[in-house]
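User: I am a first-year student and would like a close look at a single part of this model. Please choose one strand, explain its surroundings, and then place it within the rest of the chain.

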Amino acid sequence: MTINVNNIAIRYMIGDFKNIGLKDFIMQKLKKEYVAKEFWAVDGVSFSLEKGDFLGIIGNNGAGKSTLLKAISGIMLPTKGSISINGNIAALLELGTGFDGEMTVRENTFLRGALMGYTRDFMHETYPKIIEFAELEDFQDRAFRTLSSGMRSRLAFSIACLVKPDILILDEVLSVGDGSFRAKSEVRMKEIISGGATTLFVSHSTSQIRALCNKALWLHKGRQMAVGEVGVVVDKYERFLSGE
């Protein structure tokens with residue numbers, strides 16, 4: 001088993017002194033009038049994935065999809081439950097972030113590869129493919145800050161998807177670039193599936209989920225509504241959206 005998520009819940013505390021001011025916070029605490037509010041972004045989610053599974057995660061805005069991915073990628077710790085991971089992870093949660101604006105495209109590519117645990121020899125071998133896929137051959141020695149948002153996103157996607165992670169986590173990344181790049185991205189995703197990487201993919205496009213995934217997870221206001229075979233889960237979600 002590559003990923004096992006066991007009844008996890010993630011709580012945010014809201015209404016602290018950042019919202020009301022430090023002085024009022026102290027006064028309310030002294031008077032025992034202060035009450036922190038809880039918000040459960042994810043509450044009671046369980047599923048397991050084997051090597052090669054491609055899980056599509058669906059749900060309206062605020063459903064907890066991105067929060068769940070942050071927990072699985074190790075950025076956040078769940079308040080309750082447990083997550084077991086077997087393999088190295090490449091996560092694209094916010095495309096274009098995590099780069100140094102003053103460094104060149106070339107330098108940032110090697111830096112990102114190093115952070116993902118890949119050797120310099122491997123990155124030297126893979127670098128030309130990354131740049132070609134990102135369509136940035138003419139921008140390799142430009143400062144990263146000079147790139148457009150679309151270029152930055154293409155580079156981030158290319159680095160993550162042209163290396164060889166055991167687990168790939170993607171949050172709304174196949175909408176980057178123009179139509180031809182999106183089509184190329186989908187082809188690459190299918191290659192990743194056939195290559196055996198376990199993938200978690202958030203998208204608002206149910207057609208993308210149906211085309212790429214073999215399993216789906218539907219979240220609504222942090223709660224798990226359905227998980228299982230992609231067609232069954234997406235059918236339920238689309239009936240919900242249509243008001244049935």
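Analyst: The following account begins with one strand and then moves outward to other parts of the chain.

The model is predicted, and every remark below should be read with that in mind. The part chosen is strand β7, which comprises residues 198-202. How many of the residues of β7 are buried? The count is 5 of the 5, so the strand is largely enclosed by the rest of the structure. The cut-off behind this reasoning is that a residue is called buried when its relative accessible area is under 20%.

The directions of the side chains add to this picture. In a regular strand, side chains alternate between the two faces of the sheet. In β7, Thr 198, Leu 200 and Val 202 point one way, while Thr 199 and Phe 201 point the other way. The residues of both groups are buried.

Which strands pair with β7? One partner is strand β3, residues 54-58, which runs parallel to β7 and is joined to it by 4 bridges. Within this pairing, Leu 55 is placed opposite Leu 200 of β7. Another partner is strand β6, residues 167-171, and here 5 bridges connect the two strands, again in the parallel sense. In this second pairing, Ile 167 lies opposite Thr 198 of β7. Leu 200 and Thr 198, the residues of β7 named in these pairings, also belong to the group that points one way from the strand.

For the wider setting, the chain contains 9 helices and 9 strands. Of its 244 residues, 44% are buried. Among contacts between residues at least 6 apart in sequence, 72% join residues that are at least 24 apart.

An antiparallel arrangement is found elsewhere in the chain. Three strands form an open sheet in the order β2-β1-β4, with antiparallel pairing. Its edge strands are β2 (37-49) and β4 (80-85), each of which pairs on one side only. On average, neighbouring strands of this sheet are turned by 25 degrees against each other, with direction ignored. Strand β1, residues 3-14, is joined to β2 by 10 bridges, and Ala 9 stands opposite Asp 43 in β2.

Strand β1 also contains Asn 7. Most residues other than glycine have a negative phi. Asn 7, although not a glycine, has a positive phi of about 50 degrees. Its relative accessibility is 44%, and Asn 7 therefore counts as partly exposed. Lys 221 likewise has a positive phi of about 50 degrees and is not a glycine. Lys 221 is located in the loop between β8 (215-220) and β9 (223-229), and it counts as exposed because its relative accessibility is 65%.

Finally, a pair of helices may be considered. Two packed helices are described by the angle between their axes and the distance between those axes. The axes of helix α5 (residues 120-134) and helix α6 (residues 149-162) come within 9 Å and cross at roughly 140 degrees. The two helices are therefore oblique to each other. Their crossing is right-handed. On the α5 side, the residues in contact include Ile 130, Ile 131 and Phe 133, and on the α6 side they include Leu 155, Phe 157 and Ile 159. By class, this contact has 8 nonpolar, 2 polar and 2 charged residues.

To return to the strand requested, β7 is largely enclosed by the rest of the structure, with parallel pairing to β3 and to β6.

Methods: Residues are numbered from 1 along each chain as its sequence is written. This is a predicted model: local features need pLDDT of at least 70, side-chain atom pairs count only at pLDDT 80 or more; totals for chains, interfaces and linings use all residues. Side-chain values use heavy atoms; hydrogens and water are left out. Buried means under 20% relative accessible area, exposed over 50%, partly exposed in between (1.4 Å probe, protein chains only). Two strands pair if DSSP finds at least two bridges between them. Axes are lines fitted to C-alpha atoms, for helices over the stretch in contact, and angles run from 0 to 180 degrees between N-to-C directions. Angles under 35 degrees count as roughly parallel, over 145 as roughly antiparallel, 65 to 115 as roughly perpendicular and the rest as oblique. A crossing is left-handed if the near helix is turned anticlockwise from the far one by less than a right angle, and right-handed if clockwise. Contact means heavy atoms within 4.5 Å. Ala, Val, Leu, Ile, Met, Phe, Trp, Tyr, Cys and Pro count as nonpolar, Asp, Glu, Lys and Arg as charged, and the others, Gly among them, as polar.
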